[in-house]
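I opened this model today to look up its sheet, the helices on it and the core. My notes follow the order in which I checked things.

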Amino acid sequence: MNGRIADIQSRILALQTQQATTVTATRTSQSAAGGSGTTFASHLQGAIAAQQGPAAKKAYKLNDKGIPEDLAAYGNGQIPTEVLSRVGDTRHKLWAPAAEQLTQLVADAKRDGVKIGITDSYRSYNEQVDLARRKGLYSQGGLAAKPGTSEHGWGMATDLDLSPEALAWMRQNAGRYGFVENTKRESWHWAFRPNT
């Protein structure tokens, strides 16, 4: 049943992304054709797209560490699969609101001619332990957070494959989607900050 729910959520997200892309394409073709885009239909499409975009994010009650209280109840690295969602058509998963925003971010970057790849996403506690063993703790010069403290363990962080152009795009635009660059020495690590 949980797998079915996750599948339905992924399909809804894909349809929303497709609709936003269609709205953008319609606006672009109207502009190219010299149309003013002032028809009722174009205004309606714009309003729908705006409601589905980053500005429509739900507000969450956060604990003192900035983690949504509902999510914190599970524990770092213990997030159930039904709370995670796939990012676009990748194998990567994040907490559902973060996955939705990252999917939109990647689609919008692509529309701007910028490719953003994903190299890592949610990490279970056991995956955090393995990573710390292999790459060392960040506090000791390595690349891993102490197991049980990683933003990846909340499903609220992603590691991205970014060209210099993509990194510049992220630094200019990521905040609109709730993502921040917050780890020194790791320009690929971006954390999601939900609305409060």
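These entries go from the sheet to its helices, then to the core and one loop residue.

**Entry 1: the sheet**

I am working from a predicted model. I started with strand order. Four strands make up an open sheet, and I read the order as E3-E4-E6-E5. The pairing is antiparallel. I then looked for the edges. They are strand E3 (117-120) and strand E5 (179-181), each of which pairs on one side only. From one strand to the next, the twist averages 45 degrees.

**Entry 2: around E6**

How many bridges join strand E4 to strand E6? I found three, between residues 157-161 of E4 and residues 189-192 of E6. These two strands run antiparallel. I checked the register next. Asp159 stands opposite His189 in E6, and Thr158 stands opposite Trp190.

I turned to E5. Three bridges join E5 to E6, and this pair is antiparallel too. Here Glu181 stands opposite Trp190. So Trp190 of E6 has Thr158 opposite and also Glu181 opposite.

I also asked which residues cover the faces of E6. His189 and Ala191 lie on one side, Trp190 and Phe192 on the other. These four are all buried, and both faces are covered.

**Entry 3: helix H4**

I moved on to the helices. H4 (residues 96-111) packs on the sheet and touches E3, E4, E5 and E6. Its direction makes about 80 degrees with that of E5.

I tested its length. At 1.5 Å a residue, the 16 residues of H4 should span 22 Å. The end C-alpha atoms are 23 Å apart, which agrees.

I listed its buried residues. Among them are Pro97, Ala98, Leu102, Leu105 and Ala109. The list also has polar entries to note, including Gln101, Thr103, Gln104 and Asp108. After H4 comes Gly113, with a positive phi near 80 degrees.

**Entry 4: helix H6 and Met170**

Helix H6 (residues 164-173) lies across E4, E5 and E6. It runs at about 25 degrees to E6.

I picked Met170, which lies in H6. Is Met170 buried or exposed? Its relative accessibility is 1%, so I count Met170 as buried. Leaving out residues up to four places away in sequence, Met170 touches Leu105, Ile116, Leu160, Leu162 and Trp190. I also took one distance. Met170 and Glu181 are 11 residues apart in sequence and 8.7 Å apart in space, C-alpha to C-alpha.

**Entry 5: the core**

I looked up the largest nonpolar core. It has 31 residues. Which residues have the most contacts inside it? They are Leu105, Ile116, Met170 and Phe179. Strand E2 (93-95), H4, H6 and E6 each supply at least two residues. H4 gives the largest share, with five.

**Entry 6: Arg123**

Last, I checked Arg123. This residue sits in the loop between E3 and helix H5 (125-135). I count Arg123 as buried because its relative accessibility is 10%, under the 20% cut-off.

What does its side chain contact? I found a polar contact with the side chain of Asp120, at 2.6 Å. Beyond neighbours within four places in sequence, Arg123 is in contact with Gly77, Gln128, Leu131, Ser150, His152, Gly153 and Asp159. I had already met Asp159 opposite His189 in E6.

How values were computed
Residues numbered from 1 in each chain as written. Predicted model: local features only at pLDDT ≥ 70, side-chain atom pairs only at ≥ 80, totals over all residues. Heavy atoms only, no water. Pairing = 2+ DSSP bridges. Axes fitted to C-alpha atoms, helices over the stretch in contact; angles between N-to-C directions. Contact = heavy atoms within 4.5 Å. Buried < 20%, exposed > 50% of the residue type's maximum accessible area, 1.4 Å probe, protein only. Polar contact = N/O pair within 3.5 Å; in protein donor to acceptor, adjacent residues only side chain to side chain. Expected span 1.5 Å × (residues − 1). Core = buried A, V, L, I, M, F, W, Y, C linked by side-chain atoms within 4.5 Å.
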